[in-house]
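Let's take a friendly walk through this structure together, one piece at a time. Keep the 3D view open and follow along as we go.

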Amino acid sequence: MISLILRRGALSLATLFLLATFIFFATEVLPGDALDVSLSADEVAMMPPEVLARRKAELGLDRPILERYLGFLGGLLKFDLGRTIITRAPVADIVAMPLRNSMALAAVTLLLALPVALGIAMAAAQAKGRGLDNAVSGAAIIGYSIPEFVTGLLLIAVFAVWWPIFPATITASTDDPLSVLLAAAPLAVITTIIGSIAYLGRILRVGMIEVMASDFVERLHLSGIPRWRILLVHALPAAVIPGLSAAALYAASLVSGIVVVEMVFAYPGIGAELVRAVTRREVHVVQAIALAAAICVVSFNLLADLGISTLDPRTRSA
Amino acid sequence: MRPVGAPVVEPLLSVRGLNISWFSQQGRRNQVVNEVSFDLASGETLGIAGESGSGKSTLARALLGHARGGSRIESGSILLGGRDLVSLAPKALAALRGRDVAMVPQHPLSSLTFHLRVGVQVEEVLRHRAGLSPKAASLRSLELLTEMGLSEPEKIAQRYPHQLSGGQRQRVVLACALACDPALLVLDEPTTALDKTTEAQVLELIQRLRRARRGAMVFVTHDLNVIAEICDRVMVMQHGKVVEEGPVQQVFGAPAQPYTRLLLGSALRVDGASEAQPGRHGSILLEVAGLGFSYARPSLLLRRASTTTPTLTDINFSLGRGEVLGVIGESGSGKTTLGGLVTGFLAPERGVLRFDGAALAGRAAARSIEHRRRIQMVFQDPLSSLNPRRRVGDQVARPMRLFHGLDKRKAEARTVQLFEELGLNADLLTRFPRQLSGGQQQRVAIARAFAAEPDLLVCDEITSALDASVQAQLLDQLAAMQRRAGTALLLITHDLTVIWRMASRVIVMRSGRILEQGETNAVFRTPSNPYTAALLDAATRATRVAEPAFAGV
């Protein structure tokens with residue numbers, strides 16, 4: 001087990017290194033450098049050449065590409081992500097709080113959605129092909145296929161306008177404590193939860209149905225083992241395994257990809273920050289957010305792999 | 001065994017007029033158990049024999065009051081200890097299961113929960129069904145594992161199912177089933193997934209349990225030899241109906257029904273000479289010397305260096321023109337790999353192949369077109385070896401046009417001729433493979449192989465997916481065609497009866513090596529290897545059971 005963790009950990013670090021390299025070259029080297037990208041064509045045309053050169057030197061953009069790359073990597077090791085071009089603020093400071101907020105939203109979503117999805121999947125699998133199962137499957141497809149901005153706007157219309165029990169948009173600021181922030185954002189949480197339950201429920205339902213038709217469940221059933229024990233002790237872990245990788249990717253996408261929800265509710269998360277950084281052409285911030293997303297995907301995958309090998313002894317003794 | 005003429009006591013199990021049907025999604029009804037009635041007394045063992053599709057497994061599950069999803073017990077009664085399992089409420093059924101009646105399923109690996117240690121799974125039955133405390137359950141489970149013939153039960157209990165051998169797994173499943181000492185034990189093909197050596201050991205255990213326990217057993221299997229060894233009485237089923245029922249010695253010794261006789265005909269009887277025609281020992285057609293092969297395991301980045309286990313080691317044999325050479329072996333013996341090497345699906349690692357005096361390249365792609373034409377193959381599963389989108393007539397005509405350049409008309413005429421020789425109606429030419437029965441599909445595959453006019457035909461388990469009646473007919477037709485065309489056959493099978501009927505010489509394989517080879521008559525009558533002797537002993541029980549000297553009953 002320990003050797004597996006080390007092996008997987010090393011692979012993950014290697015993956016991250018490659019991703020960091022790719023992100024650096026993709027954002028810095030291709031068509032123009034960070035300064036070019038942040039200035040409009042008019043600005044470049046009007047700026048005297050020596051001012052342009054001085055600003056490049058300030059940002060370190062006059063150094064050779066390899067030196068800048070090594071500097072970028074060295075900075076990463078010290079969590080120094082550079083400074084923004086316009087305000088000269090450290091990128092790490094700008095990204096930290098929105099990242100925290102997004103992770104909090106994702107964590108709350110998963111904590112609430114996972115048990116509900118599991119319960120629904122188990123109930124649906126029990127009633128496979130009958131009314132309850134069909135209703136659940138249908139609802140899951142609808143919940144999964146309605147875009148989040150529609151769900152969000154619908155929730156706002158119902159719970160903030162017609163029956164105003166929740167605020168429509170979030171008034172808390174970026175560095176408020178999480179408790180304040182999340183208390184102010186019930187509709188955003190509900191929106192992400194609805195999508196999550198639909199997605200996770202679908203995956204788990206299929207896994208559960210497969211497992212309930214397996215030979216070992218039939219043997220247990222024919223041994224008179226209590227139903228609850230078959231479901232919880234035998235079937236559940238077996239049903240979760242195939243869905244774990246997909247769920248991990250989904251969790252990673254929750255952290256980095258709830259841009260839409262964050263925009264609809266003005267939630268101060270990383271998605272909103274990314275949109276801002278892109279419109280302002282803050283290359284270093286975009287780099288930092290891309291890296292954070294990559295780290296999320298890689299570490300959730302690592303967690304899923306370790307989870308699978310904990311649950312499934314067959315994957316351990318290779 | 002019940003003494004003859006003794007008064008019949010109240011039977012433990014009494015099945016009356018049982019009807020079970022499966023329903024397709026479209027609501028079509030398919031009756032698989034039809035008016036089945038029988039009694040079983042305590043201490044008795046009943047064998048239920050039948051081919052796949054005879055309804056025997058559905059019947060076995062019904063004896064626990066269970067019908068799989070999509071099936072339904074429509075009418076009849078199953079009285080176990082006076083209570084009718086058909087009308088019992090689910091709660092009462094669950095209370096019965098495991099304690100009064102238990103089941104040993106066919107696949108021990110998939111029947112155990114893969115993510116739990118096997119010790120936990122035995123303890124679970126003891127705790128939740130026998131009501132033992134965790135501590136007592138743990139002690140008793142080790143006792144049970146010991147009773148099942150597992151040495152070092154503490155170690156075994158700590159393992160996961162995939163870490164055990166097939167025989168060990170089935171012993172664990174038996175321990176689970178016997179945990180509450182049920183009055184009735186239902187075994188559904190419990191040894192079918194095991195190799196012959198392990199099967200013999202597990203059967204020995206079941207035999208021992210049968211004698212030690214007071215309870216009754218129902219033993220479901222397609223293997224008459226196993227029934228001959230284990231059971232007092234036998235019930236033969238076909239298409240859901242009971243064909244014949246009675247004491248094993250009586251039914252196997254003097255079968256009253258044609259279907260029973262047919263099933264027994266597919267059991268091996270080594271008396272008289274082998275029915276196989278002696279091969280024409282003219283020139284040598286195929287020569288295999290020092291052949292070796294291993295499947296390389298894929299090595300992944302950062303994994304341990306790849307290890308290889310040899311699949312075939314030092315294979316030497318020769319095959320004459322027009323000769324039928326049988327290759328006998330169990331799954332994992334390397335017999336299919338050998339076929340793959342001869343046909344060129346696989347390239348040998350070591351050794352040489354010579355065909356008709358000339359060197360034969362390893363991979364089929366490297367062989368000349370003529371060599372590829374002269375060596376043809378028929379596979380176990382005809383449905384997956386025939387193209388599902390082409391009419392079978394076109395598929396048989398294709399090799400003629402490809403190898404012999406026949407024009408469309410001549411190829412069609414020759415196809416019709418091949419179909420006739422194999423007893424296939426010319427109406428079937430325009431059908432697609434799915435529209436044919438299993439036996440017809442396999443005959444199309446044989447016709448396609450003969451269409452190339454090969455000198456050597458490799459047949460890999462070509463009858464193992466077929467019913468006994470179809471199997472016998474197909475082998476007769478294959479033998480006739482082979483003799484007429486003078487084609488040599490390499491007949492790969494696990495079925496000794498097929499070898500006895502068809503092959504003049506035989507190779508016995510185990511773990512990738514040849515254990516012995518020689519004339520079929522000599523090898524089957526006086527096997528020189530103990531493994532061959534054990535295979536023969538297991539395969540002839542059904543036909544020897546009626547003989548007075550038979551020790552098995």
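Start in chain B with helix α17, residues 438-451, which lies across two strands, β16 and β17 (456-460). Its direction makes about 175° with that of β16(B). Keep in mind as you look that this is a predicted model.

Now turn to the sheet under that helix. Which strands make it up, and in what order? Reading across chain B, you meet β16, β17, β18, β13, β19 and β20, six strands in an open sheet with mixed pairing. At the edges stand β16 (375-378) and β20 (513-519) of chain B; each has a single partner strand, so one side of each is left without a neighbour in the sheet. From one strand to the next, the twist averages 15°.

What holds such strands side by side? Strands of a sheet pair through backbone hydrogen bonds, and they can do so in a parallel or an antiparallel way. For a parallel example, look at β13 (residues 324-328) and β18 (residues 488-493) of chain B, which are joined by five bridges. To find one of these pairings on your screen, pick B:Leu325: its bridge partner in β18(B) is B:Leu490.

Helix α17 of chain B also has a helix to pack against. Helix α16 of chain B, residues 408-421, meets α17(B) at an angle of about 130°, and their axes are 10 Å apart. That angle makes α16(B) oblique to α17(B). The crossing of α16(B) past α17(B) is right-handed. On the α16(B) side, the contact is made by B:Arg414, B:Leu418 and B:Phe419, while α17(B) brings B:Val444, B:Ala447, B:Phe450 and B:Ala451. Sorted by class, this contact has six nonpolar residues, no polar ones and one charged residue.

Let's step back and see how chain B is divided. Its domain assignment gives domain 1 as 13-265 and domain 2 as 285-296 + 305-544. Between the C-alpha centres of these two domains of chain B there are 36 Å. Where the domains touch, 14 residues come from domain 1 of chain B and 14 residues from domain 2 of chain B.

Next, look at another open sheet in chain B. Its six strands come in the order β6-β7-β8-β3-β9-β10, again with mixed pairing. Here β6 (101-104) and β10 (241-247) of chain B are the edge strands, each pairing on one side only. The average twist from one strand to the next is 15°. Inside this sheet, β3 (residues 45-49) and β9 (residues 233-238) of chain B run parallel and share four bridges. Opposite B:Ala49 you will find B:Val236 in β9(B). Helix α7 of chain B, residues 166-178, packs on this sheet, where it touches β6 and β7 (184-188) of chain B, and its direction makes about 170° with that of β6(B).

For antiparallel pairing, find β1 (residues 13-23) and β4 (residues 71-80) of chain B, which are linked by eight bridges. B:Leu13 has B:Leu80 as its bridge partner in β4(B). Strand β4(B) also runs antiparallel to β5 (residues 83-84) of chain B, joined to it by two bridges. B:Leu79 is partnered by B:Asp84 of β5(B). The hairpin of β4(B) and β5(B) has two residues between its strands, and B:Gly81 takes a positive phi near 60° there.

Finally, move over to chain A. The domain assignment splits it into domain 1 (20-63) and domain 2 (93-315), and the C-alpha centres of these domains of chain A are 39 Å apart. How do helices α14 (residues 270-279) and α15 (residues 283-311) of chain A cross? Their axes come within 8 Å and cross at roughly 150°. The two helices, α14(A) and α15(A), are therefore roughly antiparallel to each other. Their crossing is left-handed. Helix α14(A) contributes A:Ile270, A:Glu273, A:Leu274, A:Ala277 and A:Val278 to the contact, and α15(A) contributes A:Val285, A:Val286 and A:Ile289. Of the residues in this contact of α14(A) with α15(A), seven are nonpolar, none is polar and one is charged.

Terms used:
Residues numbered from 1 in each chain as written. Chains lettered and ligands numbered in written order. Predicted model: local features only at pLDDT ≥ 70, side-chain atom pairs only at ≥ 80, totals over all residues. Heavy atoms only, no water. Pairing = 2+ DSSP bridges. Axes fitted to C-alpha atoms, helices over the stretch in contact; angles between N-to-C directions. Contact = heavy atoms within 4.5 Å. Parallel < 35°, antiparallel > 145°, perpendicular 65-115°, else oblique. Left-handed = near helix turned anticlockwise from the far one by under 90°. Nonpolar A, V, L, I, M, F, W, Y, C, P; charged D, E, K, R; others polar. Domains from an automatic or database assignment.
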